[in-house]
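Here's a quick briefing on the structure shown below. Have a look at the fold first, and then we'll walk through a few spots worth checking by eye.

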Amino acid sequence: MSTSKPNMSDLGQSLYAMAEQLIALENRLKELEKGKTEVAFGTMLERGGVHGPFKTDVTLAYNKVFTNIGGAYDSSTGVFTAPFAGVYYFTFFYQAAKKDTKLELFKNSQVVVRTSEEKASYDTNDSGGNAVVLQLKERDEVYLRMAANCEIWAGDHHTSFSGCWKHLSEFIDSH
């Protein structure tokens, strides 16, 4: 039976090469994660005044985009599409017009939160809004719909929709 000792020089070189590969992979992962940390949008619905009423429910396409880091919000459709899985925060606010108002935030085809205003003769001017934190999968869609026969004020910076994502490690690092 022969007993041969491993060549320590070869083992050292192999270990060094693996350490270099590990460092390179860690750096690549950090760069990929850094790119993912920048998703945010901020929009306004600016249509020059009253928007609605419509005969059917409509998805609101917020046409004035202030911020769209990551390009996940589509102003032509009003749909935010999650570029990757994670936890996202959304807010929306509106100024009511003269008719009832009912806005609903959807995740894919499911209502998540809503806000509404029923008009009364003594109540002529109201605002509303809502916010939610959602866990999304890659390509999940989030959007706002206004119910049929409702209207909102879409002028003078009153009606907005925004959202953002931050990597969980950044929350942990900052606390």
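Of the contacts in the protein with a separation of 6 or more, what share comes from residues 24 or more positions apart? The answer is 71%. Keep in mind that this is a predicted model.

**The overall picture**

- The protein has 13 strands and two helices.
- Out of its 175 residues, 34% are buried.
- Its accessible surface is about 11000 Å², and carbon and sulfur atoms account for 53% of that.

**Glu 151, a buried acid without a salt bridge**

- You'll find Glu 151 in the loop that runs between β11 (141–146) and β12 (152–154).
- Glu 151 is buried, yet no salt bridge goes with it.
- Which side chain of opposite charge is nearest to Glu 151? That's Lys 99, at 5.5 Å, and a salt bridge needs the nitrogen within 4 Å of a carboxyl oxygen, so this pair doesn't make the cut.
- Lys 99 still has a link to Glu 151 through its backbone: the backbone nitrogen of Lys 99 sits 3.0 Å from a polar atom of the Glu 151 side chain.
- Setting aside neighbours within four places in sequence, Glu 151 is in contact with a run of residues from Ala 97 through Lys 98, Lys 99 and Asp 100 to Thr 101.
- The contacts of Glu 151 also take in Val 50, His 51, Gly 52 and Pro 53, plus Met 146.

**Pro 53, on the other side of that contact**

- Pro 53 belongs to the loop between β2 (49–51) and β3 (58–59).
- With a relative accessible area of 38%, Pro 53 is partly exposed.
- Not counting residues up to four places away in sequence, Pro 53 touches Asn 149, Cys 150 and Glu 151, along with Lys 99.
- Pro 53 and Met 146 are 93 residues apart along the chain, but their C-alpha atoms are separated by 9.1 Å.

**Cysteines**

- How many disulfides does a search of the whole structure find? Zero.
- For reference, a disulfide is a covalent bond between the sulfur atoms of two cysteines.
- Cys 150, one of the residues Pro 53 touches, is buried at 7% relative accessibility.
- Cys 164 is partly exposed, its relative accessible area being 34%.

**Salt bridges**

- Searching the whole structure turns up three salt bridges.
- Arg 114 pairs with Glu 104, and their closest N and O atoms are 2.7 Å apart. This pair links distant parts of the chain, with Arg 114 in strand β9 (residues 110–117) and Glu 104 in strand β8 (residues 101–107), 10 residues apart.
- Lys 102 also forms a salt bridge with Glu 104, with 3.8 Å between the closest N and O atoms.
- Is Glu 104 buried or exposed? Glu 104 counts as buried because its relative accessible area is 10%, whereas Lys 102 is partly exposed at 31% and Arg 114 is partly exposed at 44%.
- Glu 138 bridges to Arg 139, where the closest N and O atoms are 3.3 Å apart. Shared partners join Lys 102, Glu 104 and Arg 114 into one network of salt bridges.
- Glu 138 is partly exposed at 44% relative accessibility, while Arg 139 is exposed, with a relative accessible area of 60%.

Definitions and conventions. Residues numbered from 1 in each chain as written. Predicted model: local features only at pLDDT ≥ 70, side-chain atom pairs only at ≥ 80, totals over all residues. Heavy atoms only, no water. Helix = DSSP H or I, 4+ residues; strand = E, 2+ residues; numbered from the N terminus. Buried < 20%, exposed > 50% of the residue type's maximum accessible area, 1.4 Å probe, protein only. Lys, Arg positive; Asp, Glu negative; His and termini not counted. Polar contact = N/O pair within 3.5 Å; in protein donor to acceptor, adjacent residues only side chain to side chain. Contact = heavy atoms within 4.5 Å. Disulfide = S-S within 2.5 Å. Areas by Shrake-Rupley, 256 points an atom, 1.4 Å probe, with all protein chains shown as cover.
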